[in-house]
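Reader: I like to see how a label follows from a value. Could you take me through the reasoning, step by step?

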Amino acid sequence: MNIKPLGDRVLVKPAPAEEKTVGGIIIPDTAKEKPLQGSVLAVGGGTKDEEMVLKAGDTVLYGKYAGTEVELEGEKYLIMRQSDVLAVLG
């Protein structure tokens, strides 16, 4: 994969959704909660107003509706602005 976010955007690989069962019933994928954390794979160069503080390899928390979902080579990723990231775990 060769993708480079532009400006203040970052490419995030969401963490897999947790498998949950309720009394032996398996919850289908469509009803699972969207993961709210992931790993930063690539970052843009920033803008003149906003310096990039995130770097590839950071594990981050982001808002429920943050970013735009893209699918590349069968994998799902999110591209979002650095300001959509709520916190860096570490």
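Reader: What makes the pairing of the Glu50 and Gln82 side chains a polar contact?
Author: Happy to start there, with the reminder that this is a predicted model. The two side chains meet at 2.9 Å, and a polar contact needs a pair of N or O atoms within 3.5 Å. The pair therefore earns the name.

Reader: Where do Gln82 and Glu50 sit along the chain?
Author: Gln82 belongs to the loop between strand S7 (75–81) and strand S8 (85–89). Glu50 is in the loop between strand S4 (37–43) and strand S5 (59–62).

Reader: Why is Gln82 called buried?
Author: Its relative accessible area is 6%, and buried means under 20%, so Gln82 counts as buried. Setting aside neighbours within four places in sequence, Gln82 is in contact with Asp8, Glu50, Glu51, Met52, Val53 and Leu54.

Reader: And why is Glu50 called partly exposed?
Author: Glu50 has 25% relative accessibility. Partly exposed covers the range between under 20% and over 50%, so the label fits Glu50. With neighbours within four places left out, Glu50 is in contact with Asp8, Gln82 and Ser83. The C-alpha atoms of Glu50 and Asp8 are 7.1 Å apart, with their positions 42 residues apart in sequence.

Reader: Asp8 has come up twice now. What makes its pairing with Arg81 a salt bridge?
Author: The N to O distance between the side chains of Arg81 and Asp8 is 2.8 Å. A salt bridge asks for a side-chain nitrogen of Lys or Arg within 4 Å of a carboxyl oxygen of Asp or Glu, so this pair qualifies. The bridge links distant parts of the chain, with Arg81 in strand S7 and Asp8 in the segment before strand S1 (9–14), 73 residues apart. Asp8 is buried at 7% relative accessibility, whereas Arg81 is partly exposed at 35%.

Reader: How do you know that Lys76 and Glu69 also form a salt bridge?
Author: Their N to O distance is 3.9 Å and the limit is 4 Å, so the pair counts as a salt bridge. Lys76 is partly exposed, with a relative accessible area of 45%.

Reader: What labels do the two partners in the Lys55 and Asp58 salt bridge carry, buried or exposed?
Author: Lys55 reaches 51%, and exposed means over 50%, so Lys55 is exposed. Asp58 has 11%, under the 20% cut-off, so Asp58 is buried. Their side chains meet at 3.2 Å, N to O. The count for the structure comes to four salt bridges.

Reader: How do you know that the charged end of Lys13 sits over the ring of Tyr77?
Author: The charged end of Lys13 is 5.4 Å from the centre of the Tyr77 ring, and the distance limit is 6 Å. The rule also asks for a position within 35 degrees of the ring normal.

Reader: What joins the side chains of Lys13 and Glu75?
Author: A polar contact of 2.5 Å joins them. Glu75 is found in strand S7 and is partly exposed at 35% relative accessibility.

Reader: To finish, how many helices and strands does the protein have?
Author: There are zero helices and eight strands. Of the 90 residues, 28% count as buried.

Notes: Residues numbered from 1 in each chain as written. Predicted model: local features only at pLDDT ≥ 70, side-chain atom pairs only at ≥ 80, totals over all residues. Heavy atoms only, no water. Helix = DSSP H or I, 4+ residues; strand = E, 2+ residues; numbered from the N terminus. Buried < 20%, exposed > 50% of the residue type's maximum accessible area, 1.4 Å probe, protein only. Contact = heavy atoms within 4.5 Å. Polar contact = N/O pair within 3.5 Å; in protein donor to acceptor, adjacent residues only side chain to side chain.
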